[in-house]
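Please take a look at the model shown here. The report that follows covers confidence, helices, core and ring pairs.

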Amino acid sequence: MSHRWIVDSKEKAEFFIAFIKDQFQTGTVLTYKIREENRTERQNGAMHLWFRQIAEKLNDAGDWARHPYSDTLEIPFTDVLVKEMLYKPVIKSMYDKNSTAKLTVRELSESAEVLVRWLSEHRGVYVPFPQSLKDQLK
């Protein structure tokens, strides 16, 4: 059996505490793992939409990725290539994190703005965060 609790209000905290007490009183042994909530699935979807939009704009501008073993083999950008080649180096240098899943909401927002600015200044491609994601990050 698996349980997942997102405690983001006083009422949810009280329900979670009651659940723990109930499990203890019935003799059920559970291990609790507490982690900071980084982003919602909706925010994650918006982030990947943003990666796809960047890929489309870069491809439309004729700015394809180079294959690591050949300077002449060009690869069209995909959301995966944008994430791995462009975004992950930003989060690695800014926060020493290798995974977007480990970013806090603030780190996601700050690092995305760095990539938006760099692409605009150096590649002439402007792809802001989807507005829905910006609204959720506030």
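The text below starts with confidence and then moves through the helices to the core and the aromatic rings.

## Confidence

This is a predicted model. The protein chain has a mean pLDDT of 87. Of its residues, 91% reach 70 or more. Among the elements, helix 3 has the highest mean pLDDT, 96. Helix 5 (residues 131-137) has the lowest, at 56. Where pLDDT is low, the predicted coordinates should not be read in detail.

## Helix 1 and helix 4

Two helices can be set out by span and by face.

| Helix | Residues | End-to-end C-alpha distance | Expected span | Arc of buried residues |
|---|---|---|---|---|
| Helix 1 | 16 residues | 23 Å | 22 Å | 55 degrees |
| Helix 4 | 19 residues | 26 Å | 27 Å | 165 degrees |

Start with helix 1. At 1.5 Å a residue, its 16 residues should span 22 Å, and the 23 Å between its end C-alpha atoms agrees with that. F16, F19 and Q23 are its buried residues. Around the axis they cover an arc of only 55 degrees, so they sit on the same side of helix 1. The other side of helix 1 carries the exposed residues K10, K21, F24 and Q25. Just after helix 1 comes G27, with a positive phi of about 85 degrees.

Helix 4 covers residues 105-123. From first C-alpha to last it reaches 26 Å, close to the expected 27 Å. Which residues of helix 4 are buried? They are E107, L108, S111, A112, L115, V116 and L119. Seen down the axis, these buried residues fall within an arc of 165 degrees, so they line one face of helix 4. R106 and E121 are exposed, on the face turned away from the buried side. G124 follows helix 4 and has a positive phi, near 65 degrees.

## The loop between helix 3 and helix 4

D96 lies in this loop. Its phi is positive, about 55 degrees, although D96 is not a glycine. D96 has a relative accessible area of 56% and is therefore exposed, the cut-off being over 50%. K102 is in the loop between helix 3 and helix 4 as well. K102 is exposed too, with a relative accessible area of 56%. K102 and M85 are 17 residues apart along the chain, and their C-alpha atoms are separated by 17 Å.

## The nonpolar core

In soluble globular proteins, nonpolar side chains tend to be buried together. Here the largest nonpolar core has 22 residues. Which of them have the most contacts inside it? W50, I54 and Y87 do. Helix 2 (41-60), helix 3 (79-95) and helix 4 are the elements that give two or more residues to this core. Helix 2 gives the most, with six residues.

Y87 shows how these parts meet. Leaving aside neighbours within four places in sequence, Y87 is in contact with W50, F51, V82, T100, L103, E107, L108, S111, A112 and L115. Several of these partners belong to the buried set of helix 4, including E107, L108 and S111. Y87 itself is buried, at 0% relative accessibility.

## Aromatic pairs

A pair of aromatic rings is described by the distance of the centres and the angle of the planes. The model has seven aromatic pairs. In one of them, the ring centres of W5 and F19 are 5.2 Å apart and the planes stand at 40 degrees, so the pair is tilted. W5 lies in the segment before helix 1 (10-25), and F19 lies in helix 1, so this pair ties together parts 14 residues apart in sequence. W5 is partly exposed, at 35% relative accessibility. F19 is buried, at 14%.

Another pair joins W50 and Y87. Their ring centres are 5.8 Å apart and their planes are at 90 degrees, so the pair is edge-to-face. W50 lies in helix 2 and Y87 in helix 3, so the pair ties together parts 37 residues apart in sequence. W50 is buried, with a relative accessible area of 0%.

Ring pairs also build a cluster. Which residues do they link? The cluster holds W5, F16, F19 and Y32.

Note on methods:
Residues numbered from 1 in each chain as written. Predicted model: local features only at pLDDT ≥ 70, side-chain atom pairs only at ≥ 80, totals over all residues. Heavy atoms only, no water. Helix = DSSP H or I, 4+ residues; strand = E, 2+ residues; numbered from the N terminus. Expected span 1.5 Å × (residues − 1). Buried < 20%, exposed > 50% of the residue type's maximum accessible area, 1.4 Å probe, protein only. Arc of directions from axis to C-beta. Core = buried A, V, L, I, M, F, W, Y, C linked by side-chain atoms within 4.5 Å. Contact = heavy atoms within 4.5 Å. Phe/Tyr/Trp six-rings, centres within 6.5 Å; stacked < 30°, edge-to-face > 60°. pLDDT = per-residue confidence, 0-100.
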